[in-house]
Amino acid sequence: MQSVTLNNGVEMPQLGYGVYLVAPETCERCVLDAIGAGYRSIDTAQAYYNEAGVGAAIAKCGIPRSELFITTKVWISNAGEERAAASIEESLRKLHTDYIDLLLIHQPFADYYGTYRAMEKAVRAGKVRAIGVSNFYPDRFVDLAENVEIKPAVNQLKTNVFSQQWDSEREMEQYGTKIMAWAPIAQADADLFENPTLQAIAESHGRTVAQVALRYLIQRGIIAIPKTTHIDRMKENLDIFDFELSAAEMDSIRPLDRPREFQGSHRDPELVRFLLDYDKKFNPANK
Ligand SMILES: NC(=O)c1ccc[n+]([C@@H]2O[C@H](COP(=O)([O-])OP(=O)(O)OC[C@H]3O[C@@H](n4cnc5c(N)ncnc54)[C@H](OP(=O)(O)O)[C@@H]3O)[C@@H](O)[C@H]2O)c1
């Protein structure tokens, strides 16, 4: 598996497996399938309510912990130094591990500076190897990066052929922060699979559109974490390291970027309210 080196020297697989919307009861099976298919990096979050399924798979998979790379994220309801610290302990317990490889602030809301301080402490205590953020647009990202001791290793952003994040990349480069792409295959948007540019490139390489979309990110040095519950698609999404897009093909994908139409904005107050309320509505423990 091709890897990238984060800004603190930690090596991370460039392609991983994401488990958003994988039901807690199927998560263990999916993660075991993904590890069996060759994935070594798993992306979960407190707010996916399936960390325990990931943990069960980690315990059962037979792969040494040191060969796996586990990412999780602190949710808004656990924001603030004390709550975040307690939630990190709970994530460690659910994940059946004594360290997290990469820990992110999931959303740039509530007391995320307090959360970040708890994460920095967890790094110093050896409980976390690298820390970063998610959904931090350039303005919030720069403010945080300028005011913390440990510069974020990644910023996990909605990144795909329709949302290419060039502005974010430019700002993040100054801190050595890598883009980690969520929705790398545009959440299976029909526009992706029907796009003539992508279809033509896929045909010329004997590949699928999903593989071309992922390969585009990999060649830009972006980390990607596609999600699927199907083992054939897990293999398909992983099978992208033996072909290369030409410079002309890379250039032909660049104009597909249309973030304004495609991106639900974290600057939209309605989305902020929805996310602030998310845990109350969706945490199975609250039902
Ligand atoms: N930080 C954040 O705020 C945030 C937000 C969203 C997601 N994420 C993370 O990023 C990961 C990936 O993002 P995502 O799940 O939103 O979107 P995604 O990976 O772009 O797309 C997932 C969708 O694509 C389908 N799919 C997967 N592989 C396919 C293939 N080869 N051909 C056709 N369809 C395929 C899946 O269906 P099937 O499952 O039916 O195959 C699913 O409907 C998540 O799982 C999560 O770990 C983070």
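This briefing walks through aromatic pairs, charges over rings, helix packing and a few individual residues. The structure is a predicted model. Its aromatic pairs number nine, and two tyrosine pairs are described in detail below. Two helix crossings follow, one between H1 and H2 and one between H4 and H5. The last groups look at Glu 146, Gln 199 and two alanines with positive phi.

**Aromatic pairs and a cluster**

- The count of aromatic pairs comes to nine.
- In the pair of Tyr 17 and Tyr 39, the ring centres are 5.7 Å apart and the planes stand at 55°, so this pair is tilted: the angle falls in the range left between under 30 degrees for stacked and over 60 for edge-to-face.
- This pair links distant parts of the chain, with Tyr 17 in strand S3 (residues 17-18) and Tyr 39 in the loop between helix H1 (24-37) and strand S4 (41-43), 22 residues apart.
- Tyr 17 has a relative accessible area of 0% and is buried, and Tyr 39 is buried with a value of 0%.
- The rings of Tyr 20 and Tyr 48 form a tilted pair, because their planes are at 45°, and their centres lie 5.1 Å apart.
- Here, too, distant parts of the chain are linked: Tyr 20 belongs to the loop between S3 and H1, while Tyr 48 belongs to the loop between S4 and helix H2 (51-60), 28 residues apart.
- What is the burial state of Tyr 20 and of Tyr 48? Tyr 20 is partly exposed at 36% relative accessibility, whereas Tyr 48 is buried at 13%, since buried means under 20%.
- One aromatic cluster is formed by Trp 75, Phe 274, Tyr 278 and Phe 282.

**Arginines over ring faces**

- Arg 220 sits over the face of Trp 166, at 3.6 Å from the ring centre.
- Arg 258 sits over the face of Phe 162, at 4.2 Å from the ring centre.

**Helix packing**

- As a reminder, two packed helices are described by the angle between their axes and the distance between the axes.
- The axes of H1 and H2 come within 7 Å of each other and cross at roughly 45°.
- H1 and H2 are therefore oblique to each other, because the angle is neither under 35 degrees, as for roughly parallel, nor in the 65 to 115 range of roughly perpendicular.
- The crossing of H1 past H2 is right-handed.
- On the H1 side the contact is made by Cys 27, Glu 28, Val 31 and Leu 32, and on the H2 side by Gly 53, Val 54, Ala 56, Ala 57 and Lys 60.
- For helix H4 (residues 112-124) and helix H5 (residues 138-147), the axes come within 12 Å and cross at roughly 45°.
- H4 and H5 are therefore oblique to each other, and H4 passes H5 in a right-handed crossing.
- Where do H4 and H5 meet? Tyr 112, Tyr 113 and Tyr 116 of H4 touch Arg 140, Asp 143, Leu 144 and Asn 147 of H5.

**Glu 146 and Gln 199**

- Glu 146 is located in helix H5, and its contacts, leaving aside neighbours within four places in sequence, are Lys 151 and Tyr 175.
- Between the C-alpha atoms of Glu 146 and Ala 130 there are 17 Å, with the two residues 16 apart along the chain.
- Gln 199 is located in helix H8 (residues 196-205) and is partly exposed, at a relative accessible area of 36%.
- Not counting residues up to four places away in sequence, Gln 199 is in contact with Phe 193, Glu 194 and Val 209.
- The C-alpha atoms of Gln 199 and Leu 15 are separated by 22 Å, and the two residues are 184 apart along the chain.

**Alanines with positive phi**

- Ala 110 is not a glycine, yet its phi is positive, at about 60°.
- Ala 110 sits in the loop between strand S6 (100-105) and H4, where it is partly exposed at 48% relative accessibility.
- Ala 186 also has a positive phi, of about 55°, although it is not a glycine.
- Ala 186 is found in the loop between strand S9 (178-182) and helix H7 (190-193).
- Is Ala 186 buried or exposed? Ala 186 is buried, with a relative accessible area of 2%.

Terms used:
Residues numbered from 1 in each chain as written. Predicted model: local features only at pLDDT ≥ 70, side-chain atom pairs only at ≥ 80, totals over all residues. Heavy atoms only, no water. Phe/Tyr/Trp six-rings, centres within 6.5 Å; stacked < 30°, edge-to-face > 60°. Helix = DSSP H or I, 4+ residues; strand = E, 2+ residues; numbered from the N terminus. Buried < 20%, exposed > 50% of the residue type's maximum accessible area, 1.4 Å probe, protein only. Lys NZ or Arg CZ within 6 Å of the ring centre and 35° of its normal. Axes fitted to C-alpha atoms, helices over the stretch in contact; angles between N-to-C directions. Parallel < 35°, antiparallel > 145°, perpendicular 65-115°, else oblique. Left-handed = near helix turned anticlockwise from the far one by under 90°. Contact = heavy atoms within 4.5 Å.
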